[in-house]
Amino acid sequence: MASVREIKRRIKSVKNIAQVTRAMQMVAASKMRRAQEQALASRPYAAKAWEILLHLSSQYGAVDLLHPLLRQREQVNHVAIIMVTSDKGLAGAYNGNMIRKVSRFMRQNNVEDASLITVGRKGRDFMVRYGRKVVAEFTDLPAQPTLLDSLPIARIALDGFLTGEFDEVYLAYTDFINTLTQEPVVRMLLPIKPGNIESKVMSEYLGQETTMVKADYIYEPNAETLLDTLLPRFTELQIYQALVEAFASEHSARMVAMRNATENAKELIGDLTLSYNKARQEAITKEMLDIAGGAEALAQA
Amino acid sequence: MATLRLEVITVERKLIDEEVNMVVAPGSEGVLGILPRHAALLTALTYGELVVKRDGQPDEFLAISGGFMEVQPGHVVVLADAAERAEEIDLERAEAARKRAEELLAQAKKSDVDFTRIEASLRRSLTRLKVGRRRAEKRFAPQRSDYERMQ
């Protein structure tokens, strides 16, 4: 059994760890709350943008021919994936789940040569290590991203799609469902398919509210120009929302991971305290035996 | 007097959701004044100021940089790329941004890819300055801005 002093030292170090993980848990919790609020705040805008998009595209029969961003390519040769992970680790299985999801997606759809646009250091590191084609990377995004932060990402996706470099662009991020559940998802970003509301959350939100009457609208300047400005905007918005959702997921994953770490540390402290007391007791007993033995020897002499 | 419901929404927040008497917005084809019972309209917006008029109250000014506006007879929704209340605009920062943009613009070539971007940021800062100065003109005490309340 380890010496008393050694156990004491270990207890101290585990206590320190518990303190650190508890602090990280608190930080993650407050960041998560903010990120969650941000995710909610973008929904009214997104819902209205969807409505306008649906309305504009319903004015025409063949949506496909309306705008290049709506057009499905007959043959899909090259695919791009925007993958959102975190810069920092210590977030439980958060990054691992995302990476696994994307890897499986690439394998199943036979697009292992897909161009990757990575957000966050963890995803980039993994993909670079495995020799995947990382065409762009974004790291060190601010804790509360603004729409401005999503613009460069959207630019790459839009330019690549319009020049024909990519035939399809997917968006992979972690959907925030609640504090305990986050779900990695891969969904199509481009071409845009109106009427195909893939986001679970968005469809729930949209269901309640459809104020857009089937009235005849005056378009200024005209429907085509409006669509032309709306569609890229819409792509930016989707990326922004993905970022915010992913951030909320990251922080809640980290919070849960750190809470577990703190609990484990506490358990360890309990075990160690027990061994410490045992060792102490043992030392005392041994000493007493020595004394008793010594006294006995003296008495017999 | 008849009212219409005005909503001003950006990606990051909802700035306004209330009954007002008139809205003046910077449409892409020119400035539009919207009164209650306006015909249904869908328009793009450009950089400029959005004026909100309410009975018996001073006009409220917002700096808008691009977006969309949907008008229904009793309801106006403004989807703005970015929007700020006059009270929230930091005039010094806006002025610094204008100077910077002007300098960059002087250097950039017309053909430059950045040219349009810089021009846009110049227009944005000019709008913010214009709207921000509105506040200085007002004689009553400015309202506490959303931003301060959030702190």
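Author: Let's start with one cut-off: a residue counts as buried if 20 or more other C-beta atoms lie within 10 Å of its own, as exposed if 12 or fewer do, and as partly exposed in between. Keep in mind that this is a predicted model.

Reader: Thanks! Which residues of H3(A) are exposed?

Author: Arg104(A), Arg107(A) and Gln108(A) are exposed, on the other side of H3(A) from the buried residues.

Reader: And which residues of H3(A) are buried?

Author: Buried in H3(A) are Tyr94(A), Asn95(A), Met98(A), Ile99(A), Val102(A) and Met106(A). Seen around the axis, they cover an arc of only 120 degrees, so they sit on the same side of H3(A).

Reader: What covers the buried residues of H3(A)?

Author: The cover includes three strands of chain A, E1 (79-84), E4 (168-176) and E5 (182-190), along with helices H4 (121-129) and H7 (223-300) of chain A.

Reader: How many Å should helix H3 of chain A span?

Author: The helix covers residues 94-108 of chain A, and its 15 residues, at 1.5 Å a residue, should span 21 Å. The end C-alpha atoms are 21 Å apart, so expectation and model agree. Just after H3(A), look for Asn110(A), which takes a positive phi of about 55 degrees.

Reader: Now to H7 of chain A. Is Glu263(A) buried, exposed or partly exposed?

Author: Glu263(A), which lies in helix H7 of chain A, has 13 other C-beta atoms within 10 Å, so Glu263(A) is partly exposed. Sequence distance and spatial distance can be read side by side here: Glu263(A) and Ala18(A) are 245 residues apart in sequence, while their C-alpha atoms are 7.9 Å apart in space.

Reader: What are the domains of chain A?

Author: The domain assignment gives domain 1 (4-22 + 260-300) and domain 2 (27-257) for chain A. The C-alpha centres of these two domains of chain A lie 55 Å apart.

Reader: Let's go to the interface. How many residues of chain A are in contact with chain B?

Author: On the chain A side there are 23 residues, in contact with 20 residues of chain B. Helix H2 (43-58), strand E6 (218-220) and H7 of chain A each supply at least two residues of the side that touches chain B. H7(A) gives the most to that side, with six residues. By type, the residues of the side of chain A that touches chain B divide into 16 nonpolar, four polar and three charged.

Reader: In which sense do E6(A) and E5 of chain B pair?

Author: E6(A) and strand E5 (residues 41-53) of chain B pair in the parallel sense, over three bridges. To find one of the partners, start at Glu220(A): its bridge partner in E5(B) is Thr43(B).

Reader: How many helices and strands does chain B have?

Author: Chain B has three helices and eight strands. Going from the N terminus, the order is β-β-β-β-β-β-β-β-α-α-α. Of the 151 residues in chain B, 34% are buried.

Reader: What are the domains of chain B, then?

Author: For chain B the assignment gives domain 1 (4-85) and domain 2 (89-143). The contact between them takes nine residues from domain 1 of chain B and 10 residues from domain 2 of chain B. On the side of domain 1 of chain B that touches domain 2 of chain B, E5 and strand E6 (60-72) of chain B each supply at least two residues, and E6(B) gives the most, with four residues.

Definitions and conventions
Residues numbered from 1 in each chain as written. Chains lettered and ligands numbered in written order. Predicted model: local features only at pLDDT ≥ 70, side-chain atom pairs only at ≥ 80, totals over all residues. Expected span 1.5 Å × (residues − 1). Arc of directions from axis to C-beta. Contact = placed C-beta atoms within 7 Å. Nonpolar A, V, L, I, M, F, W, Y, C, P; charged D, E, K, R; others polar. Pairing = 2+ DSSP bridges. Domains from an automatic or database assignment.
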